[in-house]
Amino acid sequence: MKERLQALQAEALTKVEEAATLSDLQDIRVAYLGKKGPITEVLRGMGKLSKEERPVIGELANKVRETIANELDAKKEKLEAAGLEKRLEKETLDVTLPGRPVQVGGPHLLTSIVEEIEDLFIGMGFEIKEGPEVETDYYNFEALNLPKGHPARDMQDSFYITEELLMRTHTSPVQARTMGEYKGNKPVKMICPGKVYRRDTDDATHSHQFTQVEGLYVDKNVRMSDLKGVLNRFAKQLFGEDREIRLRPSFFPFTEPSVEMDISCKVCNGEGCSVCKGTGWIEILGGGMVHPRVLEMAGYDPKVYNGFAFGMGPERIAMLKYGVDDIRHFYTNDVRFLQQYHKA
Ligand code: DAH
(Lines give C-alpha, C1' and ligand atoms only; values in the text may rest on other atoms or scores of the structure.)
Protein backbone atom coordinates (compact mmCIF):
# COMPACT_ATOMS: atom_id res chain seq x y z
CA MET A 1 0.00 0.00 0.00
CA LYS A 2 2.93 2.19 0.74
CA GLU A 3 4.21 1.67 -2.77
CA ARG A 4 0.81 2.37 -4.20
CA LEU A 5 0.70 5.69 -2.37
CA GLN A 6 4.19 6.64 -3.45
CA ALA A 7 3.39 5.73 -7.03
CA LEU A 8 0.23 7.87 -6.86
CA GLN A 9 2.23 10.81 -5.55
CA ALA A 10 4.83 10.50 -8.27
CA GLU A 11 2.17 10.19 -10.95
CA ALA A 12 0.23 13.19 -9.66
CA LEU A 13 3.31 15.37 -9.40
CA THR A 14 4.34 14.58 -12.96
CA LYS A 15 0.89 15.57 -14.12
CA VAL A 16 1.05 18.78 -12.13
CA GLU A 17 4.41 19.49 -13.67
CA GLU A 18 2.98 18.98 -17.14
CA ALA A 19 -0.23 20.91 -16.57
CA ALA A 20 -0.47 23.95 -18.83
CA THR A 21 -3.71 25.59 -17.75
CA LEU A 22 -5.69 26.31 -14.62
CA SER A 23 -8.39 23.95 -15.76
CA ASP A 24 -5.81 21.10 -16.13
CA LEU A 25 -4.89 21.73 -12.48
CA GLN A 26 -8.50 21.59 -11.43
CA ASP A 27 -8.89 18.25 -13.23
CA ILE A 28 -5.84 16.84 -11.44
CA ARG A 29 -7.13 18.09 -8.09
CA VAL A 30 -10.43 16.34 -8.62
CA ALA A 31 -8.84 13.17 -9.97
CA TYR A 32 -6.34 12.67 -7.13
CA LEU A 33 -7.72 14.48 -4.12
CA GLY A 34 -11.44 14.27 -4.80
CA LYS A 35 -13.88 12.13 -2.86
CA LYS A 36 -13.77 9.44 -5.49
CA GLY A 37 -10.00 9.69 -5.95
CA PRO A 38 -7.46 6.94 -5.25
CA ILE A 39 -6.15 8.46 -2.00
CA THR A 40 -9.58 8.59 -0.44
CA GLU A 41 -9.98 5.05 -1.56
CA VAL A 42 -6.76 4.06 0.24
CA LEU A 43 -7.92 5.77 3.40
CA ARG A 44 -11.21 3.97 3.15
CA GLY A 45 -9.49 0.60 2.91
CA MET A 46 -7.49 1.25 6.07
CA GLY A 47 -9.85 -0.88 8.12
CA LYS A 48 -8.36 -3.94 6.53
CA LEU A 49 -4.85 -3.11 7.73
CA SER A 50 -3.14 -4.34 10.85
CA LYS A 51 -2.98 -2.10 13.91
CA GLU A 52 0.70 -1.40 13.37
CA GLU A 53 0.32 -0.51 9.72
CA ARG A 54 -2.68 1.75 10.14
CA PRO A 55 -0.95 4.86 11.64
CA VAL A 56 1.99 4.53 9.26
CA ILE A 57 -0.15 4.33 6.16
CA GLY A 58 -2.53 6.97 7.54
CA GLU A 59 0.31 9.38 8.05
CA LEU A 60 1.79 8.64 4.67
CA ALA A 61 -1.56 9.07 2.94
CA ASN A 62 -2.03 12.45 4.58
CA LYS A 63 1.47 13.48 3.60
CA VAL A 64 0.93 12.43 0.00
CA ARG A 65 -2.29 14.36 -0.02
CA GLU A 66 -0.59 17.42 1.38
CA THR A 67 2.32 17.21 -1.02
CA ILE A 68 0.03 16.97 -4.03
CA ALA A 69 -2.14 19.82 -2.72
CA ASN A 70 0.92 22.02 -2.13
CA GLU A 71 2.28 21.33 -5.57
CA LEU A 72 -1.08 22.09 -7.10
CA ASP A 73 -1.24 25.43 -5.24
CA ALA A 74 2.30 26.34 -6.22
CA LYS A 75 1.68 25.53 -9.84
CA LYS A 76 -1.59 27.45 -9.76
CA GLU A 77 0.20 30.54 -8.53
CA LYS A 78 2.83 30.13 -11.22
CA LEU A 79 0.26 29.80 -13.99
CA GLU A 80 -1.71 32.79 -12.74
CA ALA A 81 1.42 34.94 -12.58
CA ALA A 82 2.38 33.90 -16.09
CA GLY A 83 -1.15 34.72 -17.33
CA LEU A 84 -1.02 38.15 -15.80
CA GLU A 85 2.39 38.75 -17.28
CA LYS A 86 1.12 37.80 -20.72
CA ARG A 87 -1.93 40.03 -20.40
CA LEU A 88 0.14 42.99 -19.30
CA GLU A 89 2.43 42.47 -22.23
CA LYS A 90 -0.48 42.27 -24.64
CA GLU A 91 -2.25 45.31 -23.20
CA THR A 92 0.75 47.55 -22.95
CA LEU A 93 -0.18 51.23 -23.21
CA ASP A 94 2.29 53.82 -24.33
CA VAL A 95 1.14 56.73 -22.20
CA THR A 96 3.60 59.01 -23.94
CA LEU A 97 1.78 58.75 -27.32
CA PRO A 98 -0.05 61.95 -28.31
CA GLY A 99 -3.83 61.76 -27.75
CA ARG A 100 -6.41 61.67 -30.52
CA PRO A 101 -7.99 65.09 -31.12
CA VAL A 102 -11.54 65.35 -29.78
CA GLN A 103 -14.11 67.06 -32.03
CA VAL A 104 -15.56 69.99 -30.13
CA GLY A 105 -18.84 71.55 -31.21
CA GLY A 106 -19.81 75.20 -31.02
CA PRO A 107 -22.86 77.37 -31.39
CA HIS A 108 -24.49 77.62 -34.82
CA LEU A 109 -23.74 80.88 -36.61
CA LEU A 110 -27.38 81.94 -36.32
CA THR A 111 -27.41 81.23 -32.60
CA SER A 112 -24.27 83.36 -32.19
CA ILE A 113 -25.78 86.26 -34.14
CA VAL A 114 -29.05 86.15 -32.19
CA GLU A 115 -27.10 86.07 -28.92
CA GLU A 116 -25.01 89.01 -30.04
CA ILE A 117 -28.19 90.96 -30.84
CA GLU A 118 -29.74 89.96 -27.52
CA ASP A 119 -26.67 91.07 -25.54
CA LEU A 120 -26.65 94.40 -27.31
CA PHE A 121 -30.31 95.16 -26.58
CA ILE A 122 -30.16 93.82 -23.02
CA GLY A 123 -27.34 96.36 -22.57
CA MET A 124 -29.81 99.09 -23.61
CA GLY A 125 -32.42 97.94 -21.09
CA PHE A 126 -34.59 95.71 -23.31
CA GLU A 127 -35.98 92.43 -21.95
CA ILE A 128 -36.24 89.22 -23.98
CA LYS A 129 -39.75 87.95 -24.73
CA GLU A 130 -41.09 84.85 -26.44
CA GLY A 131 -44.31 83.98 -28.18
CA PRO A 132 -45.90 80.94 -29.84
CA GLU A 133 -44.91 79.84 -33.34
CA VAL A 134 -48.45 78.61 -33.95
CA GLU A 135 -50.27 81.92 -33.71
CA THR A 136 -53.83 83.14 -33.95
CA ASP A 137 -54.95 85.19 -36.93
CA TYR A 138 -55.82 87.88 -34.39
CA TYR A 139 -52.32 88.39 -33.00
CA ASN A 140 -50.47 87.72 -36.26
CA PHE A 141 -52.58 90.18 -38.27
CA GLU A 142 -55.62 91.87 -36.74
CA ALA A 143 -53.95 93.22 -33.61
CA LEU A 144 -51.28 94.69 -35.90
CA ASN A 145 -53.79 96.72 -37.87
CA LEU A 146 -54.16 94.12 -40.60
CA PRO A 147 -57.89 93.29 -40.61
CA LYS A 148 -59.20 90.35 -42.64
CA GLY A 149 -59.08 91.14 -46.34
CA HIS A 150 -56.42 93.83 -45.93
CA PRO A 151 -54.26 93.83 -49.07
CA ALA A 152 -51.04 94.10 -47.03
CA ARG A 153 -51.66 90.55 -45.76
CA ASP A 154 -50.43 89.44 -49.17
CA MET A 155 -46.97 90.75 -48.28
CA GLN A 156 -46.61 87.65 -46.12
CA ASP A 157 -47.83 84.39 -47.65
CA SER A 158 -48.92 82.25 -44.77
CA PHE A 159 -49.22 78.63 -43.69
CA TYR A 160 -52.73 78.39 -42.26
CA ILE A 161 -53.57 75.49 -39.95
CA THR A 162 -57.25 76.37 -39.51
CA GLU A 163 -59.24 79.52 -40.41
CA GLU A 164 -58.02 81.17 -37.22
CA LEU A 165 -54.61 79.53 -36.64
CA LEU A 166 -51.42 79.84 -38.65
CA MET A 167 -47.66 79.51 -38.39
CA ARG A 168 -46.64 83.05 -37.42
CA THR A 169 -45.31 84.97 -40.42
CA HIS A 170 -43.31 87.39 -38.27
CA THR A 171 -42.39 88.01 -34.63
CA SER A 172 -44.54 91.18 -34.52
CA PRO A 173 -47.48 89.40 -32.79
CA VAL A 174 -45.30 89.34 -29.67
CA GLN A 175 -45.61 93.17 -29.61
CA ALA A 176 -49.36 92.85 -29.16
CA ARG A 177 -49.03 89.97 -26.70
CA THR A 178 -46.54 91.83 -24.50
CA MET A 179 -48.56 95.05 -24.48
CA GLY A 180 -51.62 92.97 -23.57
CA GLU A 181 -49.68 91.38 -20.73
CA TYR A 182 -48.67 94.82 -19.40
CA LYS A 183 -52.31 95.92 -19.44
CA GLY A 184 -51.86 99.39 -20.89
CA ASN A 185 -50.32 101.04 -17.89
CA LYS A 186 -46.61 100.17 -17.92
CA PRO A 187 -43.76 101.01 -20.31
CA VAL A 188 -42.68 98.12 -22.56
CA LYS A 189 -39.11 97.62 -23.70
CA MET A 190 -38.59 94.22 -25.22
CA ILE A 191 -37.09 92.27 -28.06
CA CYS A 192 -38.34 88.92 -29.27
CA PRO A 193 -36.13 86.57 -31.29
CA GLY A 194 -37.76 83.52 -32.85
CA LYS A 195 -38.66 81.37 -35.83
CA VAL A 196 -41.16 82.54 -38.43
CA TYR A 197 -42.76 80.80 -41.43
CA ARG A 198 -43.75 81.94 -44.93
CA ARG A 199 -45.11 80.13 -47.93
CA ASP A 200 -42.06 80.84 -50.04
CA THR A 201 -40.14 78.64 -52.41
CA ASP A 202 -36.66 78.14 -50.99
CA ASP A 203 -33.83 79.69 -52.96
CA ALA A 204 -30.63 81.59 -52.21
CA THR A 205 -32.47 84.42 -50.47
CA HIS A 206 -35.80 82.85 -49.43
CA SER A 207 -36.60 80.20 -46.88
CA HIS A 208 -40.01 78.90 -45.78
CA GLN A 209 -38.72 79.14 -42.21
CA PHE A 210 -36.30 81.72 -40.91
CA THR A 211 -35.54 83.88 -37.90
CA GLN A 212 -36.63 87.35 -36.88
CA VAL A 213 -35.92 89.67 -34.00
CA GLU A 214 -38.73 92.03 -33.11
CA GLY A 215 -38.17 95.13 -31.01
CA LEU A 216 -40.68 97.33 -29.19
CA TYR A 217 -40.36 100.33 -26.94
CA VAL A 218 -43.54 101.93 -25.58
CA ASP A 219 -43.49 104.74 -23.05
CA LYS A 220 -44.90 108.22 -22.50
CA ASN A 221 -42.48 110.22 -24.57
CA VAL A 222 -40.83 108.07 -27.22
CA ARG A 223 -39.63 109.87 -30.32
CA MET A 224 -38.50 108.87 -33.78
CA SER A 225 -35.02 110.08 -32.82
CA ASP A 226 -34.97 107.40 -30.05
CA LEU A 227 -35.57 104.78 -32.73
CA LYS A 228 -32.80 106.25 -34.84
CA GLY A 229 -30.38 106.35 -31.88
CA VAL A 230 -31.06 102.74 -30.87
CA LEU A 231 -30.77 101.44 -34.44
CA ASN A 232 -27.61 103.45 -35.05
CA ARG A 233 -25.97 101.84 -31.99
CA PHE A 234 -27.15 98.42 -33.15
CA ALA A 235 -25.76 98.87 -36.68
CA LYS A 236 -22.38 100.17 -35.52
CA GLN A 237 -21.93 97.48 -32.89
CA LEU A 238 -22.76 94.66 -35.31
CA PHE A 239 -21.19 95.91 -38.50
CA GLY A 240 -18.42 98.23 -37.30
CA GLU A 241 -18.12 101.76 -35.95
CA ASP A 242 -17.33 103.09 -39.43
CA ARG A 243 -20.78 102.14 -40.79
CA GLU A 244 -23.42 104.79 -41.38
CA ILE A 245 -27.17 104.34 -41.36
CA ARG A 246 -30.00 106.02 -43.20
CA LEU A 247 -33.75 105.78 -42.73
CA ARG A 248 -36.00 105.69 -45.78
CA PRO A 249 -39.76 106.19 -45.73
CA SER A 250 -41.61 102.91 -46.15
CA PHE A 251 -44.92 101.27 -45.33
CA PHE A 252 -45.95 98.78 -42.66
CA PRO A 253 -49.56 98.61 -41.47
CA PHE A 254 -48.46 98.50 -37.80
CA THR A 255 -46.25 101.63 -37.84
CA GLU A 256 -46.88 105.23 -38.85
CA PRO A 257 -44.63 106.67 -40.05
CA SER A 258 -42.74 103.58 -41.24
CA VAL A 259 -39.12 103.40 -42.26
CA GLU A 260 -36.59 101.01 -43.65
CA MET A 261 -33.03 101.26 -42.45
CA ASP A 262 -29.99 100.88 -44.68
CA ILE A 263 -26.34 100.69 -43.69
CA SER A 264 -23.52 101.94 -45.83
CA CYS A 265 -22.00 99.10 -47.87
CA LYS A 266 -18.86 97.75 -46.28
CA VAL A 267 -17.55 96.26 -49.51
CA CYS A 268 -17.36 99.52 -51.45
CA ASN A 269 -17.66 101.96 -48.55
CA GLY A 270 -20.67 103.62 -50.15
CA GLU A 271 -19.13 103.96 -53.62
CA GLY A 272 -21.49 101.44 -55.23
CA CYS A 273 -20.66 97.84 -56.07
CA SER A 274 -22.37 94.57 -56.98
CA VAL A 275 -23.16 93.71 -53.34
CA CYS A 276 -25.15 96.95 -52.83
CA LYS A 277 -26.33 96.92 -56.45
CA GLY A 278 -24.56 100.17 -57.12
CA THR A 279 -26.44 102.18 -54.48
CA GLY A 280 -23.81 102.24 -51.72
CA TRP A 281 -26.49 101.17 -49.22
CA ILE A 282 -27.81 97.84 -47.97
CA GLU A 283 -31.25 97.38 -46.49
CA ILE A 284 -31.15 95.87 -43.01
CA LEU A 285 -34.53 96.18 -41.29
CA GLY A 286 -37.95 97.74 -41.05
CA GLY A 287 -39.43 99.82 -38.26
CA GLY A 288 -41.36 102.93 -37.34
CA MET A 289 -43.55 104.58 -34.72
CA VAL A 290 -46.17 102.16 -33.40
CA HIS A 291 -49.51 102.86 -35.11
CA PRO A 292 -52.06 104.42 -32.70
CA ARG A 293 -54.56 101.68 -33.64
CA VAL A 294 -52.08 99.00 -32.55
CA LEU A 295 -51.53 100.73 -29.20
CA GLU A 296 -55.24 101.14 -28.73
CA MET A 297 -56.10 97.53 -29.55
CA ALA A 298 -53.50 96.37 -27.00
CA GLY A 299 -55.03 98.56 -24.31
CA TYR A 300 -52.65 101.56 -24.41
CA ASP A 301 -54.09 105.04 -24.74
CA PRO A 302 -52.34 106.57 -27.80
CA LYS A 303 -52.86 110.03 -26.37
CA VAL A 304 -50.70 109.09 -23.38
CA TYR A 305 -48.37 106.41 -24.73
CA ASN A 306 -46.43 106.09 -27.94
CA GLY A 307 -43.56 103.94 -29.08
CA PHE A 308 -41.31 102.59 -31.76
CA ALA A 309 -40.97 99.10 -33.18
CA PHE A 310 -38.63 97.37 -35.56
CA GLY A 311 -38.08 93.91 -37.04
CA MET A 312 -34.98 92.36 -38.51
CA GLY A 313 -33.81 89.04 -39.94
CA PRO A 314 -30.70 87.54 -38.34
CA GLU A 315 -30.02 85.38 -41.43
CA ARG A 316 -29.75 88.49 -43.57
CA ILE A 317 -27.57 90.16 -40.96
CA ALA A 318 -25.27 87.12 -40.75
CA MET A 319 -25.13 86.89 -44.55
CA LEU A 320 -24.04 90.51 -44.82
CA LYS A 321 -21.65 90.39 -41.91
CA TYR A 322 -19.88 87.20 -43.01
CA GLY A 323 -20.42 87.24 -46.77
CA VAL A 324 -22.66 84.12 -46.79
CA ASP A 325 -24.14 83.86 -50.27
CA ASP A 326 -27.04 81.44 -49.71
CA ILE A 327 -29.60 81.38 -46.88
CA ARG A 328 -29.89 77.60 -47.26
CA HIS A 329 -26.42 77.21 -45.71
CA PHE A 330 -28.01 77.96 -42.34
CA TYR A 331 -30.30 74.95 -42.59
CA THR A 332 -28.46 72.29 -44.57
CA ASN A 333 -26.02 72.04 -41.65
CA ASP A 334 -22.87 71.15 -43.53
CA VAL A 335 -20.30 71.14 -40.72
CA ARG A 336 -17.64 72.48 -43.09
CA PHE A 337 -19.72 75.64 -43.42
CA LEU A 338 -20.62 75.85 -39.74
CA GLN A 339 -17.11 75.19 -38.43
CA GLN A 340 -15.79 78.33 -40.08
CA TYR A 341 -17.76 80.39 -37.59
CA HIS A 342 -16.87 78.56 -34.38
CA LYS A 343 -15.11 80.92 -32.08
CA ALA A 344 -12.00 79.45 -30.46
N1 DAH B 1 -42.91 92.32 -39.29
C2 DAH B 1 -42.17 92.90 -40.41
C3 DAH B 1 -41.85 91.84 -41.42
O4 DAH B 1 -41.88 90.69 -41.11
C5 DAH B 1 -40.92 93.53 -39.92
C6 DAH B 1 -41.24 94.76 -39.15
C7 DAH B 1 -41.33 95.96 -39.80
C8 DAH B 1 -41.46 94.68 -37.80
C9 DAH B 1 -41.63 97.12 -39.11
C10 DAH B 1 -41.79 95.85 -37.10
C11 DAH B 1 -41.88 97.08 -37.79
O12 DAH B 1 -42.01 95.85 -35.78
O13 DAH B 1 -42.16 98.17 -37.07
O14 DAH B 1 -41.56 92.16 -42.53
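Here are some worked exercises on the predicted model shown above.

In this predicted model, local features need pLDDT of at least 70 and side-chain atom pairs count only at pLDDT 80 or more, while totals for chains, interfaces and linings use all residues. Residues are numbered from 1 along each chain as its sequence is written, and side-chain values use heavy atoms, with hydrogens and water left out.

**Exercise 1: the overall layout**

Task: Work out which domains the protein chain has and what separates their centres.

Step 1. The domain assignment gives domain 1 (2–90) and domain 2 (109–339); such bounds come from an automatic or database domain assignment.

Step 2. Taken over C-alpha atoms, the centres of domain 1 and domain 2 are 91 Å apart.

Step 3. Now look at the chain as a whole. Its radius of gyration is 43 Å, but a compact globule of 344 residues would have one near 20 Å. This radius is taken over C-alpha atoms, and the globule rule is 2.2 Å times the number of residues to the power 0.38. Along the principal axes, the C-alpha atoms fill a box of roughly 130 × 45 × 35 Å.

Step 4. Count the elements: the protein chain has twelve helices and nine strands. Helices (H or I, at least four residues) and strands (E, at least two) are DSSP runs, numbered from the N terminus.

**Exercise 2: the sheet**

Task: Find the order of the seven strands in the open sheet, then see which helices lie on the sheet.

Step 1. The order is β1-β4-β5-β9-β8-β7-β6, with mixed pairing. At the edges are β1 (127–128) and β6 (245–252), each pairing on one side only. Two strands count as a pair if DSSP finds at least two bridges between them.

Step 2. A reminder: strands of a sheet pair through backbone hydrogen bonds, either parallel or antiparallel.

Step 3. Strands β6 and β7 run antiparallel and are joined by seven bridges. Across this pair, Arg248 stands opposite Glu260 in β7.

Step 4. Add the helices. Helix α5 (residues 109–123) lies across β1, β4 (188–197), β5 (209–219) and β9 (306–312), and runs at about 165° to β4. Helix α10 (residues 314–322) also packs on the sheet, where it touches β5, β8 (281–290) and β9; its direction makes about 150° with that of β8. For these angles, axes are lines fitted to C-alpha atoms, for helices over the stretch in contact, and angles run from 0 to 180 degrees between N-to-C directions.

**Exercise 3: an annotated residue**

Task: Describe the surroundings of Glu256 and decide whether Glu256 is buried, partly exposed or exposed.

Step 1. The UniProt annotation "binding site", from an unreviewed entry, covers Glu256. UniProt positions are given in the numbering used here, feature names are shortened, and annotations may be inferred rather than shown by experiment.

Step 2. Glu256 belongs to strand β7 (residues 255–264). Pro257 is found in β7 too, and a cis peptide bond with omega of about -5° joins Glu256 and Pro257.

Step 3. Apply the cut-offs: buried means under 20% relative accessible area, exposed over 50%, and partly exposed in between (1.4 Å probe, protein chains only). Glu256 has a relative accessible area of 47%, so Glu256 is partly exposed.

Step 4. Beyond its neighbours within four places in sequence, Glu256 is in contact (heavy atoms within 4.5 Å) with Met289 and His291.

**Exercise 4: one loop, two residues**

Task: Compare Phe141 and Asn145 by place, burial and backbone.

Step 1. Phe141 sits in the loop between α6 and β3, and Asn145 is placed in the loop between α6 (137–140) and β3 (165–167).

Step 2. Phe141 counts as buried because its relative accessibility is 1%. Asn145 counts as buried because its value is 17%.

Step 3. Asn145 is not a glycine, yet its phi is positive, about 70°.

Step 4. Phe141 and Arg153 are twelve residues apart along the chain, and 7.5 Å separates their C-alpha atoms. Leaving out residues up to four places away in sequence, Phe141 touches several residues, including Leu146, Arg153 and Tyr160.

**Exercise 5: a packed helix**

Task: Which residues of helix α7 are buried, and what do they pack against?

Step 1. In α7 (residues 173–181), the buried residues are Pro173, Val174, Gln175, Ala176, Thr178 and Met179.

Step 2. These buried residues pack against β2 (134–136), α6, β4, β5, α9 (292–297) and β9.

Step 3. After α7 comes Lys183, with a positive phi near 60°.
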